[in-house]
Amino acid sequence: MSLASAGTDRLRGMRIDLKTAGPLVALILLCVLGYSLNPLFLAEGNVSNLLTRSAFIGIIAVGATFVITAGGIDLSVGSMAAFIAGMMIIVMNWAVESMGVSVGTVLLGIGCSLILGIGAGFINGFLTTKGKIEAFIVTLGTMGIYRSLITYFANGGTLSLDSDARQIYRPIYYDSLLGIPIPVWVFIVVALIGWVLMNRTAFGRYCMAIGSSEHVARYSAIKVDRVRTITYILQGLCVSLATIIYVPRLGSASSATGVLWELEAIAAVIIGGTVLKGGYGRIGGTVIGALILTAIGNILNLTEIISNYLNGAVQGVIIIAAVYLQRGSFRAGRKKTPAQ
Amino acid sequence: MSLASAGTDRLRGMRIDLKTAGPLVALILLCVLGYSLNPLFLAEGNVSNLLTRSAFIGIIAVGATFVITAGGIDLSVGSMAAFIAGMMIIVMNWAVESMGVSVGTVLLGIGCSLILGIGAGFINGFLTTKGKIEAFIVTLGTMGIYRSLITYFANGGTLSLDSDARQIYRPIYYDSLLGIPIPVWVFIVVALIGWVLMNRTAFGRYCMAIGSSEHVARYSAIKVDRVRTITYILQGLCVSLATIIYVPRLGSASSATGVLWELEAIAAVIIGGTVLKGGYGRIGGTVIGALILTAIGNILNLTEIISNYLNGAVQGVIIIAAVYLQRGSFRAGRKKTPAQ
Amino acid sequence: QDEQVRIGVSIPAATHGWAGGLNWHAQEAESRIEAQYDNIDIVLVTADSPGDQASDIEDLISVQQIDALVVLPFESDPLVEPVRQAKEAGAFITVVDRGLPDTSIQDVYVAGNNSELGSVSADYMMSRLSEGDNIVILRGIPTVIDTERFDAFMAGIEGSGINVLDDEFANWNRDDGFEVMQDFLSRFPDIDAVWAQDDDIAMGVVEAIRQAGREDEMFVVGGAGMKDVIQGIMEGNELIPVDVLYPPAMIATAMDITVANFTSNGPVQGEYILGAPLITQENAEQFYYPDSPF
Amino acid sequence: MSEATPDGAILSASRVSKSFGEIPVLFSIDFDVRPGEVHAIIGENGAGKSTLIKILSGFEQPTSGSIIYDGDRAVLPPNGEAEARGIVLIHQELNLAEHLSVTDSIFLGRELHRYGLLDLKTMRERARAILDRLDVRVDPDARISSLSVADKQMVEIAKAINRDARVLIMDEPTAVLSVAETKTLFEQIRRLTEQGVAIVFISHKLDEIMALANRVTVLRDGQLIATMNTSALTPDSIAQMMVGRELSNLYPPKKEPDVDAPVVLSVRGLSAPGISNVSFDLRGGEILGFAGLIGSGRTAVAEAVVGLVVPEEGEISLNGQPVAFSDVRESLAAGLAYMTKDRKGRGLLLNMGLEPNLTLATLPKHRRGGFLTASSEHQALERAVRRFDIRARDPSVGVGQLSGGNQQKLLLAKCMESDPDIVIMDEPTRGIDVGTKQQIYHIIAALAAEGKSVIVISSEMQEVIGLSHRVLVMREGRMAGLLEGAEINEAEIMRYAAGVKQGEVS
Ligand SMILES: Nc1ncnc2c1ncn2[C@@H]1O[C@H](COP(=O)(O)OP(=O)(O)OP(=O)(O)O)[C@@H](O)[C@H]1O
Ligand SMILES: Nc1ncnc2c1ncn2[C@@H]1O[C@H](COP(=O)(O)OP(=O)(O)OP(=O)(O)O)[C@@H](O)[C@H]1O
Ligand SMILES: [Mg+2]
Ligand SMILES: [Mg+2]
């Protein structure tokens, strides 16, 4: 009669592994494909590039995992990133002009980014929860607003960071620690914190509860609006962190910055096995999803066998195939535990 | 004891009106705004332009209403439109070359469009239902695929319709019937059929039931997969119809055709009051949503008060405000009939 | 001589007409050059944003291990570092169209000239219009290229007394060109000329003017050198009487020059300015490529 | 033995077994039902009743054994398609799409057409007629989401009655119905049996079985215990067959609360959507029953008290302090817990396991240093399983796959997790078998004995009578009467509830 036997526990552990295995299998197949097309795919330099690149989308997607798990959606992340990057540059350039260059300049920029990210996330959250407007509309609106604002502040051109400030800031993107690039460290830390938040705190549980049934959550003494708003703030924070490591990469921002990142971030989340309608979130899957997306882009640059015009088609086919593979093994493990 | 008096019937009528009134009020306010900014906004020529323009997005959005109501999503409509337009032009040019120009050429193009639209819709539906892949991923994939294919067939450039064929085809966009442009007629007919399908047939009920709870629908002996697939086919058909009136407008298609139409179509649907998570669809609202979106763009072109760079921001603010207004009055009418 | 040379070419993806032409010319040049020289391999990659392009260049360096890079930057500033890395990895650098602020990185610069496109258009406008005449402007996508063209044009007509009624973005897109022009036409009863600064936009503008039946009131100036437009000019089209060249073929030129660095005896260096000449009925023929998709 | 159809049976199961994965649930069951009879199935929670009738209606396929319908061996089509062949099932859990209207729901999958389009008018009229016949006062155009659980259940019944059933199977249709509604339902069932419809009926309420059924089949742990004529049985003997032991005293003896016990909860002039001017006091150690018909506003009172709904008017004070909860979190922190009767829609996350559901409302208790400790949640579940006798054959499954009664026990456990001083239980024993009911009644009595206070909202009149010290009867959103001591009996409650007698309460 007692249910908690060690046996079932082991069983459960295995099932979870099987679930996460889906995206992982897809990623491994992709790597095999990459390697067979060009062995340099697995060369250290390329792997390091790939990981560093996936950090942007990955960090943003970790935030998106919370939003989506709690039943929301955020389309504004790409423009938000562009806007924050632009404001960081403006603030840092201003600081250089008025106070000269120092590490403080960069810290000021970072501080500004954090505040803007949290603020922007709060606005999205507030409008969705208190304004009771569909998240899709709110974030479609703010998407347009941030994109416009960066265009406006850049006067239709590019905002570029002062070259001295850039010199100080540069290492945050280009340097390594223990052989691992700093953006990858940031990604790792964000993913770990995200994982702990999702799986080991009440907050994560609340997100899943709200996404799976708002009514049940409310009747279970969960402050639905607050938790929802926090997911958007987390998303904003993640965008801000991604921007902080993005700015030193190119030292500039324009209206072309971050275009379509929202689609990529959401795709990474879904490829990772999180359910778009909410209720079930997997940070580990999201990380792998981000790696898969970045790897697809990278592999397309490795070969010449197909016309450039067809890049998008190949990308589309691989994404569909990756998710299909994943669902395949996922279903096997799921027979007994339908996630929805 | 029976409360079924004429009174409640009247009440219900009013309630529905009040609900549809939400978007309508927003549209009227927008018109007032437009008129006050530039009286030409309500000039006959402009109104006719505006209606004609809204036909594309409107027709596509009618299809999207079904997909979304049944709990799905289709991101591929924009690229699908570009792809279909491109194939129509290729086929018609080929027909002109091999058989000379006649009305048959245009009919051939139209037939090709219908087949492609239905086929593309079926593929989306099949992959989502039988392949059990999230609609978001499937249609993100096909979005990339169609966009690539049109780029490929157009060799990265523009496909242009043979000028003689164009002469025959042109009236479908530019002519009027009883003073109303033909595209507007098509829009009206599609919207009416859509409304009847949604509200007066079992199919519409099934869409709502599936979107509301797939489980319940399945247990009510509804062929869930089939209904879902049909919604995607309808969406494909709508895209095809929109493309048929689009091609004669400029007689060309390129990789830039239909970019972001998917976002606009979904936005029109949501602004119209359909619930993004499914279960509740309103064709009338969608039509108004499409008009609102087109009107916003038009108003921005008619005035000079704000920097061009900020167009997107104004658009964003208006969309959010429109939906807020709508929700406002919607809530008032909803107190007794919470829609969710 | 038989040493293998790999040349990476990084350009923006074919998201609008001009970029489509760019892609076409790049591909044509690739097959032509690869057929001509056994030892040269060209790797062509396309990007959707400056960030993408930076990634592409990283990949060209680390995976393809290129000997030379031909790059048409999405935007100038953000690509300085990635291109510098290619340089430091030992590649020969050819920059096309949009110059990098740090000119020491490049070995060769093949320049288009956006400002010139603006000022040549302005000169033509002034030659046809007089004080008090009205024009409307349809701009591209809000980016550096567009801003440079626009600023140069405005500087060009300054003081001429020509009124700019309004300007709106048409996103280098025929549909937007059509719709924006429709709205301009309903708004302004008196328009004497339209500066569309891009042939794709101009095509849309022309349709809108035809629809309104106002072909006789105004003329349109586009830009780039799309074959349909040039054909029209050759045939004496009055609605689009001239065009300002901004040839997407410049990428092929740049690739040829880069190849020359490896095949000819002397080193290749310096700037190749292509300029933005005015295409008129007299000289149109020499700019007409009937096979190009653009 | 051959697969001979038992005499006159329209639908029968022969040696039906069922396992989910490796877990066996039914073992070689024989069952049959004849036209015009009511055949009841009873058994403990998780005994396999719902599984059996799902097999009988095609929703599940048997692992072995066969179904004989109309004299022929049949493989019934899945997903309710057997309805077309005359086998209609009312599921234990509500099976309605929240966005649809009442009429739409009643006709879902069976729409009426006219000229190829939906015949809305006729459908609405028919829906109204059926609802009237069932004495249900809901607008046929109302959305399902706006109905109370009981009304939803009535819509389910209306939906089933509307089909041309030859076999009508009902899985605990009365669990949330009060006496009056149950009576109308029974009238309809009798009408149907007279027309020759075969009825399979599941209920944990033994008196209903005695009143309605011709034959009774008892299941225990997936085994067939016996099929007998009702006339040969008494409630006690059924209970004994079910549980396998003698059931004495379903209700624990009432221990009168201290008259001097302080008033812990006081409600004055409370008005909210659905209710107006409700006032009552609750003392420490007291069990207060809420009785009334469907939609009389009992749930609405509870929801207004705990802050799920913002009251329009009135004062609530807790231990003498005025309070205005705007959120369940606040009322829970103040020691006031509310257990919803809508376990599927409001109570449990069906896609999640037992543990996260149990601890959802009390997660902060399981935190150490800000992080959740799995062992602590684990222990909580073990305690709850023991205390409420929750039976899950495979504990890692989603809660949605537990048997209905076990879901209810989990919901009870979840509510008690916060260790409240005052607990409002809405239909606490909905779908729970008699054996466990006894246990739960004892738990409730023990709570009161500890000095805690309990409000029991129940449609099962016996339950209210058997447990409560005082009973508040509601009618049409107002208090109809407050009964004490010997006044607490069925007849008196009915009189207030039906409006025959008007209360002297202010
Ligand atoms: N889909 C399923 N997957 C796994 N186990 C299941 C499934 N459906 C039911 N079970 C298990 O089968 C057993 C019998 O359940 P069933 O619902 O038939 O019980 P029941 O007699 O109806 O109980 P109750 O009176 O509580 O409704 C339970 O242990 C339940 O957990
Ligand atoms: N928010 C609300 N707005 C309008 N009416 C409401 C609201 N909440 C409840 N009602 C109505 O108030 C009445 C009382 O409902 P309630 O659910 O409290 O009844 P109940 O006594 O618990 O009966 P049941 O057994 O049917 O649940 C119902 O008719 C219900 O439809
Ligand atoms: Mg090559
Ligand atoms: Mg059951």
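Trainee: What makes the pair formed by an oxygen atom of ligand 1 and the side chain of D:Asn45 a polar contact?

Mentor: In this predicted model, an N or O atom in the side chain of D:Asn45 is 3.0 Å from an oxygen atom of ligand 1. The cut-off for a pair of N or O atoms is 3.5 Å, so the pair counts as a polar contact.

Trainee: Which atoms of D:Lys49 and D:Gln401 lie 2.7 Å and 3.2 Å from an oxygen atom of ligand 1?

Mentor: For D:Lys49 it is a polar side-chain atom, at 2.7 Å. For D:Gln401 it is a backbone N or O atom, at 3.2 Å. Both values are within 3.5 Å, so both pairs are polar contacts. On its own, ligand 1 exposes 640 Å², and the protein buries 88% of that.

Trainee: How do you know that ligand 1 lies between two domains of chain D?

Mentor: Residues of its shell come both from domain 1 (6-243) and from domain 3 (349-419) of chain D, so ligand 1 lies between them. Among the helices, helix 1 (49-56) and helix 13 (404-416) of chain D each supply at least two shell residues. The shell has four nonpolar, 12 polar and four charged residues.

Trainee: What makes D:Gly297 and D:Arg298 polar contacts of ligand 2?

Mentor: Each has a backbone N or O atom 2.8 Å from an oxygen atom of ligand 2. With the limit at 3.5 Å, both pairs qualify. The side chain of D:Ser296 also places an N or O atom 3.1 Å from an oxygen atom of ligand 2. The protein covers 70% of the 630 Å² that ligand 2 has accessible on its own.

Trainee: Which helix of chain D gives the largest share of the shell around ligand 2?

Mentor: Helix 8 (residues 298-306) does, with three residues. D:Arg298, D:Thr299 and D:Ala300 are among the residues that come nearest to ligand 2.

Trainee: Why is the relation of chain B to chain A called a two-fold axis?

Mentor: A turn of 180 degrees with a shift of 0.1 Å along the axis lays chain B on chain A with an RMSD of 0.1 Å. That is how a two-fold axis relates copies. In chain B, the C-alpha of B:Lys277 is nearest the axis, 3.6 Å from it. Both copies use the same surface, as 98% of the contact residues of chain B recur in chain A.

Trainee: How do you know that chain C and chain D do not touch?

Mentor: Their nearest C-alpha atoms are 38 Å apart, whereas contact requires heavy atoms within 4.5 Å. Chains A and B share the most contacts of the five pairs of chains in contact.

Definitions and conventions. Residues numbered from 1 in each chain as written. Chains lettered and ligands numbered in written order. Predicted model: local features only at pLDDT ≥ 70, side-chain atom pairs only at ≥ 80, totals over all residues. Heavy atoms only, no water. Polar contact = N/O pair within 3.5 Å; in protein donor to acceptor, adjacent residues only side chain to side chain. Areas by Shrake-Rupley, 256 points an atom, 1.4 Å probe, with all protein chains shown as cover. Helix = DSSP H or I, 4+ residues; strand = E, 2+ residues; numbered from the N terminus. Nonpolar A, V, L, I, M, F, W, Y, C, P; charged D, E, K, R; others polar. Domains from an automatic or database assignment. Least-squares fit on C-alpha atoms with pLDDT ≥ 70 in both. Near = heavy atom within 4 Å.
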